[in-house]
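The following note is offered to a colleague who is meeting this structure for the first time. Its points are numbered so that each may be checked against the display.

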Amino acid sequence: MPLSMSWVRRLLIPVILISTRVAGQEQSPIWLEQQTIYAAVNSSTLNCDRAAIGQQNVHRGIPPEGSSTSYYSTQQQELHPLCIAAPETAEQIAKAIITVKDQECPFAVKSGGHAAYAGASNIQNGLVFDLRNLNSVHISEDKSIASVGSGNRWIDVYSVLQEHKLAVAGGRIASVGVGGFLLGGGLSLYSQKYGWAVDNVRNFEVVLADGAIVNANADTNSDLFWALRGGGSNFGIVTRFDLQTHPLDLVWGGTELVALSDLASRQSALNLREPFDWTLRSASNNMGRVLRQGLCFIGKCVHSRDFINHFVRMAEQPDTNAHMYTFFAWFPQLRMMGAGGSHAYLAPVAEPPAFENMTSMNTFFSTTKLRTLTDLVKELDAFTLSGYRTYWDTLTFKVDAELISKLWDIFLEETHEIKNIPNCQPATNNQLITKRHIALSEKDGGNPMGIKSEDGPLFLFSITVTYTDPMDDARMRNAAQNVMSRAKALAQEMGLYHPFVFKNYANGETDVYAGYGAESRQKLREIQKKYDSAGVFSRLQPGGHKL
Ligand SMILES: Cc1cc2nc3c(=O)[nH]c(=O)nc-3n(C[C@H](O)[C@H](O)[C@H](O)COP(=O)(O)OP(=O)(O)OC[C@H]3O[C@@H](n4cnc5c(N)ncnc54)[C@H](O)[C@@H]3O)c2cc1C
């Protein structure tokens with residue numbers, strides 16, 4: 001059994017509190033500066049200001065509470081829009097989008113603000129449509145459909161559905177927004193049961209560039225319906241998603257951490273050393289080594305081969321209630337590299353046999369238990385780092401243990417230096433796209449993402465580097481890009497590379513739609529032309545991945 005959580009909490013929580021305070025202090029000057037800008041907008045004749053006229057919820061002088069800090073990354077928070085419109089209805093958006101079009105006003109659309117790269121859902125000197133007031137959650141009479149306003153965060157949706165012992169395929173982290181998550185495909189706890197989260201959308205209500213409010217579903221505007229299942233913000237502003245509900249009681253799940261018994265031998269084979277140089281950092285890194293050795297001494301260690309094999313075997317796991325992802329990361333609080341996994345079982349079964357390989361491992365930290373879905377996604381959220389600078393990127397590979405092991409070595413080498421920068425947390429994670437998941441996604445007309453059943457099983461290999469100092473931007477980005485370019489070259493050499501790019505984890509410069517394949521991209525472009533012939537969403541909205 002893993003050690004109890006309390007000692008880890010005691011160790012981690014002070015660190016988390018300190019880092020939150022540091023992040024808060026850094027934001028205040030930005031906040032004041034924004035107020036000045038909002039005051040200026042009041043008397044301005046700028047196009048963007050006019051675009052927002054006529055709406056009740058235009059914030060001038062005082063920005064809506066938390067409008068800057070509600071972005072996940074500092075890079076997004078740092079942009080200064082001229083005005084923010086927080087509409088309450090699709091009709092208000094429709095009216096505004098016509099003015100935006102007439103005035104040629106640059107704009108951004110924000111749901112939960114969790115896209116990590118600058119400008120995805122915020123804009124310098126433009127108008128932000130903040131969808132926060134589109135926050136209704138309505139359950140149909142027969143309880144089969146949840147109609148969800150596109151400004152909701154997943155925690156709000158799950159909280160309502162839980163009262164009815166229902167759930168939908170949505171985010172695994174409480175604060176992620178409904179809008180961006182679904183329009184990027186959405187990898188949910190239900191992927192083994194129902195494919196991509198967006199495959200569970202039965203109808204989209206969309207405001208088009210000409211102000212028309214339309215539905216897109218299997219019968220009406222079916223080409224747009226197909227395009228929105230992974231095509232992002234290129235077609236209109238989605239105001240409501242009608243989602244298939246699924247019965248759900250308690251789930252079993254949580255996060256487990258493992259110390260690696262072969263970490264030292266890996267590092268020395270790679271010639272990576274932690275020389276002792278009488279600095280505090282050097283001392284603490286060596287403490288991390290001692291901690292890991294201590295954990296191994298008391299039998300709380302796992303060989304990386306066993307851990308990786310657990311992940312690989314899950315690609316063939318027939319139990320569709322079982323969902324997991326793994327990570328290999330620098331744990332800054334513990335000053336050591338380690339691995340871990342987050343697991344969820346969509347039924348009230350403690351330690352389900354599907355996870356036997358993991359539950360029998362000597363993990364040193366575990367939060368797994370029977371719980372509600374809201375409890376699980378809140379906990380997973382607490383492990384993430386919002387309000388930091390961050391760099392994300394992702395690639396797709398065929399599942400192979402040897403490849404994963406080599407990817408870990410690349411990660412160790414390329415992050416050996418940056419991990420010592422204060423507040424830096426480099427991490428990679430592996431997430432499965434099983435054959436079953438792909439087959440489910442091909443049903444009901446499919447989607448534009450371009451993955452075929454015979455391609456699977458695949459996994460997403462993603463990197464996140466989190467840090468605080470803007471002076472480190474280039475260094476962090478270079479380190480992450482080195483990991484990813486070496487990973488891609490290695491997978492290509494091993495014949496395990498797949499061109500798919502998962503939009504939700506891609507950075508802003510990635511040509512996501514190239515990864516969907518030429519045929520899909522061409523079809524998406526034609527659909528975009530049909531529904532937005534003036535190019536409002538391609539020309540005036542700089543954020544988001546372009547077709
Ligand atoms: C901590 C964390 C955990 C995550 N976990 C997962 C996960 O489990 N599975 C997964 O698949 N992804 C996950 N992601 C990735 C996440 O799904 C994407 O970043 C997604 O874009 C976030 O959606 P959002 O609405 O919060 O973001 P936003 O930044 O608000 O929006 C993202 C993009 O979508 C556009 N957009 C948003 N709403 C609309 C709309 N209604 N109409 C038109 N365009 C719109 C925006 O303009 C922007 O380009 C996670 C991200 C973070 C930071």
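**Note on the predicted model**

1. In strand β21, Y497 is the bridge partner of F397. The model under review is a predicted one, and this pairing serves as the point of entry. Strand β18 covers residues 389-398, and β21 covers residues 497-498. The two strands run antiparallel and are joined by two bridges.

2. Strand β18 also pairs with strand β20 (residues 458-467), again in the antiparallel sense, through 10 bridges. Within this pairing, F397 stands opposite F459 of β20. F397 thus has a partner in β20, namely F459, and a partner in β21, namely Y497. As for cover, eight of the 10 residues of β18 are buried, and the strand is mostly covered.

3. Strand β20 also holds T466. Is T466 buried or exposed? T466 has a relative accessible area of 6%, and because the limit for a buried residue is under 20%, T466 counts as buried. Leaving aside residues up to four places away in sequence, T466 touches L385, Y388, R389, T390, N423, C424 and Q425.

4. A second region to inspect is an open sheet of five strands, in the order β5-β6-β10-β8-β9, with antiparallel pairing. Its edge strands are β5 (137-139) and β9 (213-217), each of which pairs on one side only. From one strand to the next, the twist averages 20 degrees. As general background, strands of a sheet pair through backbone hydrogen bonds, in either a parallel or an antiparallel manner.

5. At one edge of this sheet, three bridges link β5 to strand β6 (residues 145-149) in the antiparallel sense. Here I139 stands opposite A146 of β6. At the other edge, β8 and β9 run antiparallel and are joined by five bridges, with V207 having I213 of β9 as its bridge partner. How many residues lie between β8 and β9 in their hairpin? There are five, and G211 in the turn has a positive phi of about 90 degrees.

6. Two helices should be viewed together with the sheet. Helix α4 (residues 90-103) packs on the sheet and touches β8 (201-207), β9 and β10 (237-244). The direction of α4 makes about 45 degrees with that of β8. Helix α5 (residues 154-162) lies across β5, β6 and β10, and runs at about 30 degrees to β5.

7. Helix α5 contains S159. With a relative accessible area of 32%, S159 is partly exposed, because its value falls between the limits of 20% and 50%. A polar atom of the S159 side chain lies 2.6 Å from the backbone oxygen of I155. S159 also illustrates how the fold brings together separate parts of the chain: T372 is 213 residues away in sequence, yet the C-alpha atoms of S159 and T372 are 9.7 Å apart in space.

8. Which residues of the largest nonpolar core touch the most other members? They are W154 and F204, in a core of 68 residues. Among the residues that W154 touches, not counting those up to four places away in sequence, are V168, I173, F181, L182 and L243. Another core, of 53 residues, lies apart from it and includes L272, F355, M476 and A479. In soluble globular proteins, nonpolar side chains tend to be buried together.

9. Helix α11 (residues 304-314) offers a further buried position, I308. The relative accessibility of I308 is 4%. Leaving aside residues up to four places away in sequence, I308 touches R266, A401, I404, S405 and W408. The C-alpha atoms of I308 and E402 are separated by 8.9 Å, although these residues are 94 residues apart along the chain.

10. Some totals place these details in context. The protein has 547 residues, of which buried residues make up 59%, and its secondary structure comes to 18 helices and 21 strands. Of the contacts with a separation of 6 or more, 76% are between residues 24 or more positions apart. The protein exposes about 21600 Å², and carbon and sulfur atoms supply 53% of this area.

Notes. Residues are numbered from 1 along each chain as its sequence is written. This is a predicted model: local features need pLDDT of at least 70, side-chain atom pairs count only at pLDDT 80 or more; totals for chains, interfaces and linings use all residues. Side-chain values use heavy atoms; hydrogens and water are left out. Two strands pair if DSSP finds at least two bridges between them. Helices (H or I, at least four residues) and strands (E, at least two) are DSSP runs, numbered from the N terminus. Axes are lines fitted to C-alpha atoms, for helices over the stretch in contact, and angles run from 0 to 180 degrees between N-to-C directions. Contact means heavy atoms within 4.5 Å. Buried means under 20% relative accessible area, exposed over 50%, partly exposed in between (1.4 Å probe, protein chains only). A polar contact is a pair of N or O atoms within 3.5 Å; within protein, one must be able to donate a hydrogen and the other to accept it, and residues adjacent in sequence count only if both atoms are side-chain atoms. Accessible areas come from the Shrake-Rupley method with a 1.4 Å probe; for residues, only the protein chains shown count as cover. A nonpolar core is a set of buried Ala, Val, Leu, Ile, Met, Phe, Trp, Tyr and Cys residues joined through side-chain atoms within 4.5 Å.
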